[in-house]
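Me: I would like to take a close look at one helix and to understand how its residues are arranged. Please treat it in detail, and then place it in the setting of the whole chain with some further examples.

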Amino acid sequence: MAIHPMSMPGTAVPEIRAPLPWRILGALIRPWLKIKTEPPQPEQRLESSDAPVVYLLERYGLSNALILEEACRQHQLPPPLLPMPGGYLRKQRSLLALSRREGSGIFGRPRNRTHSEGLAQLVVAVRANPALDVRVVPVSIFVGRAPARESGWFSVLFSENWAMVGRFRRFLAVLLNGRDTIVHFSETISLREVVSEGMDVERTVRKASRVMRAHFSRLRTAVIGPDLSHRRTLIDAVMNADPVRQAMLTTASKESLSSTQVEGRARSYAWEVAADYSPPAVRSASFLLKSVWTKLFDGIQIHHFDTLKQVAPGHEVIYVPCHRSHMDYLLVSYLLYENGIVPPHIAAGVNLNLPVIGGLLRKGGAFFLRRSFKANALYSAVFSEYVTQLFRRGVSLEYFIEGGRSRSGRLLDPRAGMLAMTVKSFLAESRRPVVFQPVYIGYERLLEGKSYIGELSGQPKEKESLFGLLRSLKLLRERYGKVAVSFGEPIHLVSHLDAAAPNWRQDARDSDRPEWFGATVNALADRIAVNINRSADVNPVNLLALALLATPKHAMAEDDLLRQIGLFKQLIEVLPYSDRVTMTAMSPAEIIAYGERMKVIERVKHPLGDVLRAEGDNGVLLSYFRNNVLHLLATPAWVACCFLNNRRLQRATVERLGRFIYPFLQGELFLAWDAEGFAAEVQKTVEVFVGMGLLEYEDEGKYLRRRIGQTDEAYQLRVIAMSLLQAFERYYIALALLVKSGPGVLSTSELENHCQHTAQRLSLLHTQAAPEFFDKSLFRGFIGVLRERRIVWLNDQAKLDFGDELGAMASDSKLILSRELRHSILKLASDPDRSNEVAA
C-alpha cells in the first residue's frame, strides 16, 4: 500500500498543507492563537508506525479544526485538513468527531448529535483489507482553560466548560482566550486491533465510540473539573439519602422535634457545609493570585508534577498536603489550575467561613466542617453524605491529614476522620479508582511566624475574624522568599486495601465497618505522612537553621558555618533519604549571602573573622525550618549523638540502641524505614562518617572512636548531633518523672502536664530552647509509643504502671545525655509539684 508522505510524522511539511479556503481561515485565526500541546512533543507518539493517521475530536467545529491544523503544523504532524491517503475515508480531510452541533446560522442554538459515519467507513475498510491499519489519534482541545493575567476579566466568561456552545460563543472564546489553548494528543489507537475483536461493523463502531466518549470525559474532568449539578440539587441529593433520613428520624424521636423542624435543621447543616464551586470564580481568582504570589514570593518551585499528571485522568484524586500556612489552600489549587488540572474541593475549618470571605472560598471549592461533631449525629450524617455525593460525582478532594496547621514545623499526628469518610465512600461507591496524592510544601518565611511563636509559648490562638484578616494585610508588603511544592509518591487505595485486607471487597458487602477498617485507615494515614516527608525540599533557610541552632547562642564563625553547610549538603546527597528529596543548588557561600538578604541571619564584623547569627525571634523561627527537614538527617544525628559524651563505643552498641530508640523517633518524625531498615541506615552512616574522617575504626571495626574534642571533626559531629538532642532530653524528662513517681501514681494527662512544666523550667534554667521543646503534643506522642510497646500500661485505676524495662531505658540515657543535664532533670523530677508551681 502506498503511503502518502503527509501521513508520516516528522516528514518535512510542505508550505501548502490545505486547500485555499482553509489556508485563508488559518491565516486569520493564527494571530489569536498560542497553543500548548500535551505532551510537549506529540510527534513521538506517531513515530512507531507508518500506518495512515486520522484525528478524532470530541466535538467538531470550524475553530477546532483550524486549531488542530495549526498544532499539527507546528509539530510537523500529518495534516488533518488534507484527505486521508488511500481514499478510505470519503472526506476531504483526515478528521473525525464523536459529536457535532447542528443549528441554524451562526447564532443558531446548538443541538448535539453523535457522528460516527467516518469511523464506520474506516472500520469497513480495515475489515476488507487485512494488510491495512489506521491509527486513530484522539485529540482534546481546550480554549481558555487558564486565561492569562493580562487578558481581560471578560474573557473568563468564554473559557472552556462542559456546555456544547454555539458558533458565536465559540468565536468569542477564540478571540478572547485563543492564546491560552491546550491541545492534548492522546495515545494512538490501532483500528486493526479494534476490528480484530470480531464484532460486526455497527457494534464495533458503537463500542469504539462509547470507549472514546469515556476517554474524552475523563480527560475533560481532569482538566476543567467534573460536570457538577447546581448546589441546590446536590443538597437535595444529600437530604434524600437513606443515612440522612434515618438520622433525621432518630434526632426527631430523641429531641421530640417535628419532621419539619428536623428537616430544616438538617438542611441548614447542608447549606453550612456545601461548596458553591464556580469555574468563572476560579479563573478570576487565578488572576488575583498570580499578582499576590509575585508580590509575596521570589518564585514557586514545583517538583515531581509529572507523576500527578500521569495518574490524574481516570482516577479520583485525593490531595493530602502538609499544613504549614493558610496559604496552603490557595497555593495548591492555583498550581493545579495553572498546570492544567482542575482544583479540588477543599475541606476547610468552619472558622474560615467568615463574612464575604466564606462565600468567596465556597466559589473556589471550599466546603466547611466543624472541628468536632461526634456528639451531633445529624450533622455527622449530613457531612458524611455530602462527601459521599462529591465522591459519587467524581470530584477531586483536598484535606489536611494533620487536621490543623503545624506550629512547630514538623508533621503533626494524622487525624483520620476525613480519611475514614473517604475510604467508607469508596467502599460504598467504588466507581473509579482512588489515589491519594501527598504534597510537601516548603517555605523560606511564614506569614504566621510570629503568631506561631506566641501560641507555642502558651498564648491563646487568635480567633479568625474579618477584622483580623484586614489587619494582617500589612504582611503582604514583605517578601517571603521562595516556595517549593513537591508531589510525593501517590498511594493507590485498592493496592493498600489488598495488602491490608485481601478480602475487603466481600467484607465491605457484609458490613458497613469491617473489623479491619480502623487499623487500615490509621495505617493509611501514617503512610501518607511518611510519603509527605519523603518528598521534602531542602532550601537555604533549612540548612542555615540546622547549623546555627546547634550552637548555644545561635551563632557561628563564618568559616565554620561554610564547612557545616557543605557537610549537611554532602550528607543529604550521599545518604539519600528518598529519590524525591530535592535540595537547593546554592553553594554554602551563596546560602549565607541569601540568608542575609532574607534577613534571616545577620553578620557581625570582627577582626578575627566575621560571625553569623540569628538573633531574637529569628532564632526561634529558625527552629520551624529546621524541623521541616529534621527527618532527613535523623540517622546521622542519632549516630553523632552516641559520641557527644563518649569518645569510644562498640559498634554493636550503637546499632543495638538505634533499634531500641527507633520506634520513638519514627513516631515523632514519620521516618520511612522499619526497624531493620533503620539499622541498615545506621550501618551506612557509620561507613560514611568513617570515610569523612568524623569517626575512626578500632579493633578491626568492632569499636568506633571520634576525634579529640578540639578538632574540626569533633565540632562538626557535635553540630550534627544537636538537631536530635532535644528529642532525647524530652524522652528522658518523661522517663525520669515516671521512675521518680513510681508505678501506678501518674495518669497519662498528669504525666503530660508534669513533662511540659519540667521542660519549661529546664529551658529557663539551662540552655534556651525553642518553644516546641515543651510542646505537650510531643510528650503525648512519646507516651503513646511507650504504651504501644507495653513499656508502660494503664492499671485498673487508669494510672500508668511499668516494669524494669523503663528503668533500663533511663539508665541507657547516660550514653547520650551529659551528667549535668541528667542531674538537672532528676532534680526537677524529684519535686514535680514545685516545678509545676514555678512554671505556672
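Reply: The face of helix H8 that is turned away from its buried side carries the exposed residues Asp242, Leu249, Ser253 and Lys254. The model in which this is seen is a predicted one.

The dimensions of the helix come next. H8 covers residues 242–255, which makes 14 residues. From its first C-alpha to its last, H8 reaches 20 Å, close to the 20 Å expected at 1.5 Å a residue.

The other side of the helix is formed by different residues: Val244, Ala247, Met248, Thr251 and Ala252 of H8 are buried. Seen down the axis of H8, these buried residues fall within an arc of 135°, so they line one face of the helix. The partners of this face can also be named. The buried residues of H8 pack against helix H7 (231–240), helix H9 (259–273) and helix H14. Just after H8, Ser256 takes a positive phi of about 55°.

That last value deserves a remark. Most residues other than glycine have a negative phi. Two further residues illustrate the point. Gln76 is not a glycine, and yet its phi is positive, at about 55°. Gln76 is found in the loop between helix H2 (62–74) and strand E3 (95–102). Its relative accessibility is 37%, so Gln76 counts as partly exposed. Glu700, also a residue other than glycine, has a positive phi near 60°. Its place is the loop between strand E22 (695–698) and strand E23 (703–706). With a relative accessible area of 83%, Glu700 is exposed.

The peptide bond may be considered in a similar way. Most peptide bonds are trans. The bond from Glu38 to Pro39, however, is cis, with omega near -5°. Pro39 lies in the loop between strand E1 (35–38) and strand E2 (53–59).

H14, one of the partners of H8, leads to a buried loop residue. Ser396 has its place in the loop between helix H14 (377–392) and strand E12 (397–398). The relative accessible area of Ser396 is 11%, and since the limit for a buried residue is under 20%, Ser396 counts as buried. Leaving aside residues up to four places away in sequence, Ser396 touches Glu316, Val317, Tyr319, Val342, Pro343, Pro344 and His345.

A second loop residue can be read in the same manner. Leu817 is found in the loop between helix H31 (804–812) and helix H32 (819–829). Its relative accessible area is 2%, so Leu817 is buried. The C-alpha atoms of Leu817 and Cys642 are separated by 9.1 Å, although the two are 175 residues apart along the chain. Beyond residues up to four places away in sequence, Leu817 touches Asn645, Leu725, Phe728, Glu729, Tyr732 and Arg822.

Other helices can be described with the approach used for H8. In helix H18 (residues 493–500), the buried residues are Leu493, His496 and Leu497. They cover an arc of only 95° around the axis, and therefore lie on the same side of H18. These residues pack against several elements, among them helix H15 (417–428), strand E13 (434–443) and helix H20 (517–533). Helix H29 (residues 748–765) has 18 residues, which should span 26 Å at 1.5 Å a residue. Its end C-alpha atoms are 26 Å apart, which agrees. The buried residues of H29 include Leu751, His754, Cys755, Thr758 and Leu762.

How do two helices lie against each other? Two packed helices are described by the angle between their axes and the distance between the axes. Helix H28 (residues 712–741) and helix H30 (residues 776–788) pack at an angle of about 65°, with their axes 10 Å apart. The crossing of H28 and H30 is right-handed. The contact is made by Arg730, Tyr731, Ile733, Ala734, Leu735 and Leu738 of H28, together with Leu778, Phe779, Phe782 and Leu786 of H30. Of these contact residues, nine are nonpolar, none is polar and one is charged.

Finally, the whole protein provides the setting. Its secondary structure comes to 33 helices and 25 strands. Of its 840 residues, 55% count as buried. Among contacts between residues at least 6 apart in sequence, 77% join residues at least 24 apart.

Methods: Residues are numbered from 1 along each chain as its sequence is written. This is a predicted model: local features need pLDDT of at least 70, side-chain atom pairs count only at pLDDT 80 or more; totals for chains, interfaces and linings use all residues. Side-chain values use heavy atoms; hydrogens and water are left out. Axes are lines fitted to C-alpha atoms, for helices over the stretch in contact, and angles run from 0 to 180 degrees between N-to-C directions. Helices (H or I, at least four residues) and strands (E, at least two) are DSSP runs, numbered from the N terminus. A crossing is left-handed if the near helix is turned anticlockwise from the far one by less than a right angle, and right-handed if clockwise. Contact means heavy atoms within 4.5 Å. Ala, Val, Leu, Ile, Met, Phe, Trp, Tyr, Cys and Pro count as nonpolar, Asp, Glu, Lys and Arg as charged, and the others, Gly among them, as polar. Buried means under 20% relative accessible area, exposed over 50%, partly exposed in between (1.4 Å probe, protein chains only). The arc is that of the directions from the helix axis to the C-beta atoms. The expected span of a helix is 1.5 Å times one less than its number of residues.
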